[in-house]
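Me: I've got a model open and would like to talk it through. Can we start with the overall layout and then go into the details?

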Amino acid sequence: MPVKGDAPALPGARAVARHVRISPNKARRVVNLVRGLPAKEALTVLQFAPQSASEQVYKVLASAIANAENNERLDPDALLVSEAFVDEGPTMKRFRPRAQGRAYRIRKRTCHITVAVEAVAPAQRPGKKAAAAKKAPAKAAPETAAEETPATEATADEPAPAKKAAKKATKATKAAKATEATETAEEGTE
């Protein structure tokens, strides 16, 4: 039951691999690489990660994506890795014979890998938002339109990349005006 004030839960799915024969610390290193990434990008990162735990985490993430696609009818391209964590599983205790009848303990550690994905609207995806903000200054309007609507008036509702793009656009118009002024000055001296 949701608590008053909580945001509504986004649709998503999860997958868990239990008793994986990898040390939890080694698996956490890999899981930290993909937390918060879009699902398809996370699969690519895991595919080329050199750690041996990346293969197991890849399988769990692929299973979570398949669960979202088949059980929840979600678009796999609109999924984001919302949760990814590793818990410690049972440790198998073995021993190694040593000199003079001693025995040293060997700990064969296991872990439980959990990955959850959730559907995100296309406007909210981190990768798409940054790309859209980078493209905005490239499609600059004529200079007269830029002078009429100053780009520095970014509201508090706009995301940070949009504000940065607005500042870059303002700097670009100031630089263009400065070059025009120097060109007219040079023409006047000649």
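**Layout first**

Reply: Sure. Starting at the N terminus, the protein chain's elements go β-α-α-α-β-β-β-β-α-α-α. Keep in mind that this is a predicted model.

Me: How many helices and strands does the protein chain come to?

Reply: Take the order of elements, β-α-α-α-β-β-β-β-α-α-α, as the starting point. Tallied up, the secondary structure is 6 helices and 5 strands.

Me: And what share of the residues in the protein chain counts as buried?

Reply: Some background on the surface: the chain's accessible area is about 13400 Å², with 53% of it belonging to carbon and sulfur atoms. To count as buried, a residue has to be under 20% relative accessible area. Among the 190 residues, the buried share is 26%.

Me: Which residues form the salt bridge, and how far apart are the closest N and O atoms?

Reply: The whole-structure search turns up 1 salt bridge. In general, side chains of opposite charge can pair when their charged atoms come close. Here the partners are Glu88 and Arg109, and their closest N and O atoms are separated by 3.6 Å.

Me: What parts does that pair tie together, and how many residues apart are they in sequence?

Reply: The bridge joins Glu88 to Arg109. Glu88 sits in strand 2 (residues 79-88), while Arg109 is in the loop between strand 4 (103-108) and strand 5 (111-119), so the parts tied together are 21 residues apart in sequence.

Me: Are Glu88 and Arg109 buried, partly exposed or exposed?

Reply: The band to check runs from 20% to 50% relative accessible area. Glu88 has 49%, and Arg109 has 32%. That puts Glu88 and Arg109 in the class called partly exposed.

Me: Next door in sequence is Thr110. Is Thr110 buried or exposed?

Reply: Thr110 is in the loop between strand 4 and strand 5. Leaving out residues up to four places away in sequence, Thr110 touches His19, Val20, Arg21, Ile22, Pro24, Glu88, Gly89 and Pro90. Its relative accessible area is 5%, which means Thr110 is buried.

Me: Val20 is on that contact list. What does Val20 touch in turn?

Reply: Val20 belongs to strand 1 and is buried at 8% relative accessible area. Its C-alpha is 8.0 Å from that of Gly89, although the two are 69 residues apart in sequence. Setting aside residues up to four places away, the contacts of Val20 are Gln56, Arg109, Thr110, Cys111 and Ile113.

Me: Which residues form the positive surface patch?

Reply: One member is Arg21, in the loop between strand 1 (12-20) and helix 1 (24-34). Arg21 is partly exposed at 45% relative accessibility, and a patch residue needs over 30%. The full set is Arg21, Arg94, Arg96, Arg98 and Lys108.

Me: Something on the backbone: what is phi of His19 near, and of Arg73?

Reply: Most residues other than glycine have a negative phi. His19, in strand 1, has a positive one, and so does Arg73, which lies in the loop between helix 3 (53-70) and strand 2. Phi of His19 is near 60°, and phi of Arg73 is near 60°.

Me: Where do His19 and Arg73 stand on accessibility: buried, partly exposed or exposed?

Reply: For the class exposed, a residue must be over 50%. His19 has 45% relative accessibility, so His19 counts as partly exposed. Arg73 has a relative accessible area of 68%, so Arg73 is exposed.

Technical notes. Residues numbered from 1 in each chain as written. Predicted model: local features only at pLDDT ≥ 70, side-chain atom pairs only at ≥ 80, totals over all residues. Heavy atoms only, no water. Patch = residues over 30% accessible without salt bridge, like charges linked within 9 Å, V, L, I, M, F, W, Y side chains within 5 Å. Areas by Shrake-Rupley, 256 points an atom, 1.4 Å probe, with all protein chains shown as cover. Salt bridge = Lys/Arg side-chain N within 4 Å of Asp/Glu carboxyl O. Lys, Arg positive; Asp, Glu negative; His and termini not counted. Charge placed at Lys NZ, Arg CZ, Asp CG, Glu CD. Helix = DSSP H or I, 4+ residues; strand = E, 2+ residues; numbered from the N terminus. Buried < 20%, exposed > 50% of the residue type's maximum accessible area, 1.4 Å probe, protein only. Contact = heavy atoms within 4.5 Å.
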